[in-house]
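Here is a friendly walk through one protein model, written to be read with the structure open beside you. Have a look at the fold, then read on.

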Amino acid sequence: QVQLAESGGGLVQAGGSLRLSCAASGLALGRYDMTWFRQAPGKEREFVASISWSALTTYYTGSVKGRFTISRDNTKNTVFLQMNSLKPEDTAVYYCAASRSLTTSVNYDYRGQGVQVTVSS
């Protein structure tokens, strides 16, 4: 059974940092391109960042460029999202997702249950 489990979310003040992790089980993460996306209350899901299986290619949505960094450790079957200089508008449930092709949209084969990130002003 494939599972993606996000962790590392929480409540942080504006300007603070969080590091999200996504641990995979039941699949070899190194065979998948990985994406983080988010969904705020009352809003549509939004692409945040993606990384190729080799980690050679990354993409970010414009609002997080220079603040967020996506990375992966295939030996640990884990993907990360380092979030710095957080803003209240970053508040959302964050999801990791696995897909067979690198994407800059919310398309995936598997996704996790999500983790809440709340940024207070």
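## A covered strand and its partners

Strand 9 is mostly covered, with seven of its eight residues buried. The coordinates come from a predicted model, so please read every value here as computed from that prediction. Strand 9 spans residues 92–99, and several other strands pair with it, as the next lines of this tour show.

Which strand joins strand 9 over seven bridges? That is strand 4, residues 33–39, and the two pair in the antiparallel sense. If you would like a landmark for this pairing, pick Trp36, which stands opposite Cys96 in strand 9. Strand 11, residues 115–120, also pairs with strand 9, in the antiparallel sense and over three bridges; here Ala92 has Val117 as its bridge partner. Strand 10 covers residues 110–111 and pairs with strand 9 over two bridges, again in the antiparallel sense. To find that spot, look for Ala97, which stands opposite Arg111.

## The open four-stranded sheet

Elsewhere in the chain, four strands make up an open sheet, and their order across it is 1-3-8-7, with antiparallel pairing. Which strands sit at the edges? They are strand 1 (3–7) and strand 7 (68–73), each of which pairs on one side only. On average, neighbouring strands of this sheet are turned by 15° against each other, with direction ignored.

At one end of that order, strand 7 runs antiparallel to strand 8 (residues 78–83), and six bridges join the two. One pair to click on is Thr69, which stands opposite Gln82 in strand 8.

## Two buried neighbours in strand 5

Now turn to strand 5, residues 46–51, where Ser50 lies. Is Ser50 buried or exposed? Its relative accessible area is 0%, so Ser50 is buried. The side chain of Ser50 has a polar atom 2.8 Å from the backbone oxygen of Thr103. Leaving aside residues up to four places away in sequence, Ser50 touches Met34, Thr35, Thr57, Thr58, Tyr59, Ile70, Leu102 and Thr103.

Ala49 is in strand 5 too. With a relative accessible area of 0%, Ala49 counts as buried because the cut-off is under 20%. Which residues does Ala49 touch, beyond those up to four places away in sequence? They are Met34, Thr35, Trp36, Tyr59, Tyr60, Ile70 and Leu81. Tyr59 lies 10 residues from Ala49 along the chain, yet their C-alpha atoms are separated by 5.4 Å. In a regular strand, side chains alternate between the two faces of the sheet.

## Two loop residues with positive phi

If you check backbone torsions, two residues are worth a stop. Most residues other than glycine have a negative phi. Asn77, however, has a phi near 55°, a positive value in a residue that is not glycine. Asn77 belongs to the loop between strand 7 and strand 8, the two strands joined by six bridges. Its relative accessibility is 17%, so Asn77 counts as buried.

Ser85 also has a positive phi, about 50°, although it is not a glycine. Where is Ser85 placed? Ser85 is in the loop between strand 8 and strand 9. At 39% relative accessibility, Ser85 counts as partly exposed, because that class runs from the 20% limit for buried to the 50% limit for exposed.

## The chain as a whole

Stepping back, the protein chain has zero helices and 11 strands. Read from the N terminus on, the elements are β-β-β-β-β-β-β-β-β-β-β. Among the contacts with a separation of 6 or more, 56% are between residues 24 or more positions apart.

How does the overall size look? For 121 residues, a compact globule would have a radius of gyration near 14 Å, and the 13 Å of the protein chain agrees with this. The C-alpha trace spans about 40 × 25 × 25 Å along its principal axes. Of the 121 residues, 43% count as buried. The exposed area of the protein chain is about 6,200 Å², and carbon and sulfur atoms supply 45% of it.

Notes:
Residues are numbered from 1 along each chain as its sequence is written. This is a predicted model: local features need pLDDT of at least 70, side-chain atom pairs count only at pLDDT 80 or more; totals for chains, interfaces and linings use all residues. Side-chain values use heavy atoms; hydrogens and water are left out. Two strands pair if DSSP finds at least two bridges between them. Axes are lines fitted to C-alpha atoms, for helices over the stretch in contact, and angles run from 0 to 180 degrees between N-to-C directions. Buried means under 20% relative accessible area, exposed over 50%, partly exposed in between (1.4 Å probe, protein chains only). A polar contact is a pair of N or O atoms within 3.5 Å; within protein, one must be able to donate a hydrogen and the other to accept it, and residues adjacent in sequence count only if both atoms are side-chain atoms. Contact means heavy atoms within 4.5 Å. The radius of gyration is taken over C-alpha atoms; the globule rule is 2.2 Å times the number of residues to the power 0.38. Accessible areas come from the Shrake-Rupley method with a 1.4 Å probe; for residues, only the protein chains shown count as cover.
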